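Here's a friendly walk through a structure you may not have met before. Take a look at it first, and then we'll go through it piece by piece.

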2 protein chains.
Amino acid sequence: MKTYQNPPKNKWDELLKRPSFSVGELRDQVQVILTEIRIDGIDAIRKYTEKFDGVFIENLTVTAEEISEASGLVDNALKDAITIAAANVRKFHESQIPVSKRIETTSGVTCWQKAVAIDKVGLYIPGGSAPLFSTVLMLAIPAVIAGCKEIVLCTPPGKDGKINPAILFAAQLVGVSKIYKLGGIQAIGAMAYGVDCVPKVYKIFGPGNQYVMAAKQLVSISDVAIDMPAGPSEVAIMADTTANPAFIAADLLSQAEHGPDSQVVLVTNDASLIEKVVQELAAQLTELPRKAIAEKALANSQAIVLENVAEMIELINGYAPEHLIVAMGNYTEVAEKITNAGSVFLGNYTPESAGDYASGTNHTLPTNGWARSFSGVNIDSFMKKITFQEITPEGILNLGPTIETMAAAELLDAHKNAVTLRLKELKK
Amino acid sequence: MKTYQNPPKNKWDELLKRPSFSVGELRDQVQVILTEIRIDGIDAIRKYTEKFDGVFIENLTVTAEEISEASGLVDNALKDAITIAAANVRKFHESQIPVSKRIETTSGVTCWQKAVAIDKVGLYIPGGSAPLFSTVLMLAIPAVIAGCKEIVLCTPPGKDGKINPAILFAAQLVGVSKIYKLGGIQAIGAMAYGVDCVPKVYKIFGPGNQYVMAAKQLVSISDVAIDMPAGPSEVAIMADTTANPAFIAADLLSQAEHGPDSQVVLVTNDASLIEKVVQELAAQLTELPRKAIAEKALANSQAIVLENVAEMIELINGYAPEHLIVAMGNYTEVAEKITNAGSVFLGNYTPESAGDYASGTNHTLPTNGWARSFSGVNIDSFMKKITFQEITPEGILNLGPTIETMAAAELLDAHKNAVTLRLKELKK
């Protein structure tokens, strides 16, 4: 870790600058493939699946047999763990269902919002080195709770043409049955345009590599909504003298093992902590299977010593980390002042991995500073709010003149006339 | 209007196809200007303001004097109307403030969401043929209620270098004081990058012409969030025998006068209604100042007769109109079944213009079918939800083994180790 002692405020932005993350260069290349998918449909899908995933897929749909087989291939301890995690994620996301309130803004003028599920959603679950069944829970459970009518899940097949059984088990557990063997740009294109058996959806969710991100960005311009912009995963830890150096090292490493571009930041007002953490990092690293990846990420990471808690909070709110661990004695007080972060973990016994898997919060979170303006995935992500209004004859008599005056001043006479005609009718 | 009698379902999409709305062709041109603004800052801003708005602006900031002067230039009736409308918009948006609930998902594991204002937001108010002071209310009031710390408003100057006084009056009424004389691409670029006195914001809101939309789209890729994708304004009306043809015609015209590309659709199960509406349209058109614009929009509009209410609902949900007026006897029942629309107006005395100006609902709404996945602007638009979690030693003892099992199965050993170390410490 690079260590900085009391850097001046005007250097903070520079210190915490994330590596520039742009999928711009890929965009043309990805657009060519998307256009081919839009035009050629299933043929393009099969061609690129063969090219990128190394397997020819005749039938994209995961069959009911494949799904029921999967359950037998997952060991019971993992099935139990997934079931417990699913229950927690369900409990937390159910608590987020918005309630509608009717408001009479003027006598006879009643307005309300109603949250309605997005009819069709597409969930992308990456393949690659590990089967991300936890992401199935994080995306599918809120979609089911929101009441989305069509939930489509795409995940790339292995070279054997199969999907990891833990992914299929998690999907069936939470009630997703439309599963397709489709990865990368092909999956995003199929869900954006509707190809073969894969229906066109209205919003696409889920993480992915740079190609997936570029594809999501491109289809979001005019075809389909997406969950949020993407970037490499991040954790920031705020720690004081009450923090446990071994826990901090473990938390930093659990972020660093995601990839060499993972962002890891430690901020403390206890200068002596850093050396202890660095020692712990060295000790814990030796035993990690993903040691090489974690080492690369750590090489770019920062440990920053600041004078006081107020400065620590200011720096963190400026950085807007995806994950924030507050390992400080007064964590409740500090948490109150956090205004920019994706998900916050409080105290010494709340590791980020709890939220990654099983505590109930969502792990699909804004990275790359987007926590300044975006929420993580939550029940809202699968719904839109429609406004309704009902005006009685009394109501339009009360409010009509206001509308007429404003419409006339905006030079929109037909807007005014829609009120004038109604007022005339009522005054007949 | 083009009239269709019972068109078969498989033709609905084609019938209701919106004119393709792509800012693709403009994009390169707009990108050049944005890049120039990013690099040259205020010089580029001044240059393009002179070019597009026809005025050289030395000082972009609207001064306190200009703001206080404005109040004297707006007539009292309009000031009263704006004040009433602002109170209604405030009342409705205040009712939307989300409440946080703490949920114990497992004994010792507590999770909650907290809605926090986006620190810095930028509001764009177009200039052009009419001063859109109503949009100032619709964007600034929820921003103030949400608690955004920095609210920046940009609106283009007239050739005299001044801002319309009604816009300044509305802005000061609702508590916005950072107002800049900046329109079009210059405004979007300045708020996205931060230029001269205009601060960089985290999210940009507001309507605009195709150049503004293209600029918003471009800056949203990696610099700043935006409210929603854009397209021409739309209204759909569902009507039965209880509808008033004159009111319907007036509502259709109030949409049609927005622009020649406005989308206007009438759906009914009462074939005889259409002729009456067409007669009313002809009569009302003669008196409209914006007759030429409205006629063009009407030429592309559709009147569709369907067999029954169920079909009408299905067609409307498929179309996903920005505005929907339900002029039907059983409008409450129909409203229950509407799943895709921006804002819904119920009954004969609820014209769209009520929501455009003064009832309290927001008029910044998803167009072009985006109502399938986007909400209109509401209090959520100015906030993000941060999740928090607090796990006690008992909690991690309860949940830890679940996390360990899942992390191991995803081959993320450091994630597992962050829990294992804590469990060991507790079992010492």
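In this predicted model, one open sheet has nine strands, in the order β1(A)-β11(A)-β10(A)-β9(A)-β12(A)-β13(A)-β14(B)-β3(B)-β2(B), and its pairing is mixed. At the edges sit β1 (2–5) of chain A and β2 (103–106) of chain B, each of which pairs on one side only. Go from strand to neighbouring strand and you'll find an average turn of 20°, with direction ignored.

Zoom in on the chain A part of that sheet. Strands β10 (residues 263–268) and β11 (residues 302–305) of chain A run parallel and are joined by four bridges. One residue to look for here is L266(A), whose bridge partner in β11(A) is A303(A). Over on the chain B part, helix α16 (residues 393–409) lies across β2, β3 (109–117) and β14 (383–391) of chain B, and it runs at about 90° to β14(B).

There's another open sheet to find in chain A. This one has five strands in the order β6-β5-β4-β7-β8, with parallel pairing. Its edge strands are β6 (178–181) and β8 (225–226) of chain A, each pairing on one side only. Inside this sheet, five bridges join β4(A) to the parallel strand β5 (residues 150–155) of chain A, and Y124(A) stands opposite C154(A) in β5(A). Helix α8 (residues 184–193) of chain A lies across β4, β5 and β7 (203–205) of chain A, at about 180° to β4(A).

Just past β4, have a look at G128(A), in the loop between β4 (120–124) and α6 (133–146) of chain A. Is G128(A) buried or exposed? G128(A) is exposed, because its relative accessible area is 73%, and the cut-off for exposed is over 50%. G128(A) and G259(A) are 131 residues apart in sequence, yet 12 Å apart in space from C-alpha to C-alpha.

Stepping back, here's chain A in numbers:

| Property of chain A | Value |
|---|---|
| Secondary structure | 17 helices and 14 strands |
| Span of the C-alpha trace along its principal axes | about 90 × 60 × 45 Å |
| Buried share of the 428 residues | 63% |
| Share of contacts with a separation of 6 or more that join residues 24 or more positions apart | 75% |
| Exposed area | about 15300 Å² |
| Share of the exposed area from carbon and sulfur atoms | 51% |

How do the two chains relate? Chain B can be laid on chain A with an RMSD of 0.0 Å, using a turn of 180° and a shift of 0.0 Å along the axis. The two copies are therefore related as by a two-fold rotation axis. In chain B, P98(B) has the C-alpha nearest that axis, 4.1 Å from it. The copies meet through the same surface, because 100% of the interface residues of chain B are also interface residues in chain A.

One last stop is Q284(B), which sits in helix α11 (residues 271–285) of chain B. Q284(B) counts as buried because its relative accessibility is 10%, and the cut-off for buried is under 20%. Which residues does Q284(B) touch, not counting residues up to four places away in sequence? From chain A there are N417(A) and L421(A), and from chain B there are A246(B), A249(B), A250(B) and L253(B). The side chain of Q284(B) reaches the backbone oxygen of A246(B) at 3.0 Å and the backbone nitrogen of A250(B) at 3.3 Å.

Definitions and conventions:
Residues numbered from 1 in each chain as written. Chains lettered and ligands numbered in written order. Predicted model: local features only at pLDDT ≥ 70, side-chain atom pairs only at ≥ 80, totals over all residues. Heavy atoms only, no water. Helix = DSSP H or I, 4+ residues; strand = E, 2+ residues; numbered from the N terminus. Buried < 20%, exposed > 50% of the residue type's maximum accessible area, 1.4 Å probe, protein only. Polar contact = N/O pair within 3.5 Å; in protein donor to acceptor, adjacent residues only side chain to side chain. Contact = heavy atoms within 4.5 Å. Least-squares fit on C-alpha atoms with pLDDT ≥ 70 in both. Pairing = 2+ DSSP bridges. Axes fitted to C-alpha atoms, helices over the stretch in contact; angles between N-to-C directions. Areas by Shrake-Rupley, 256 points an atom, 1.4 Å probe, with all protein chains shown as cover.
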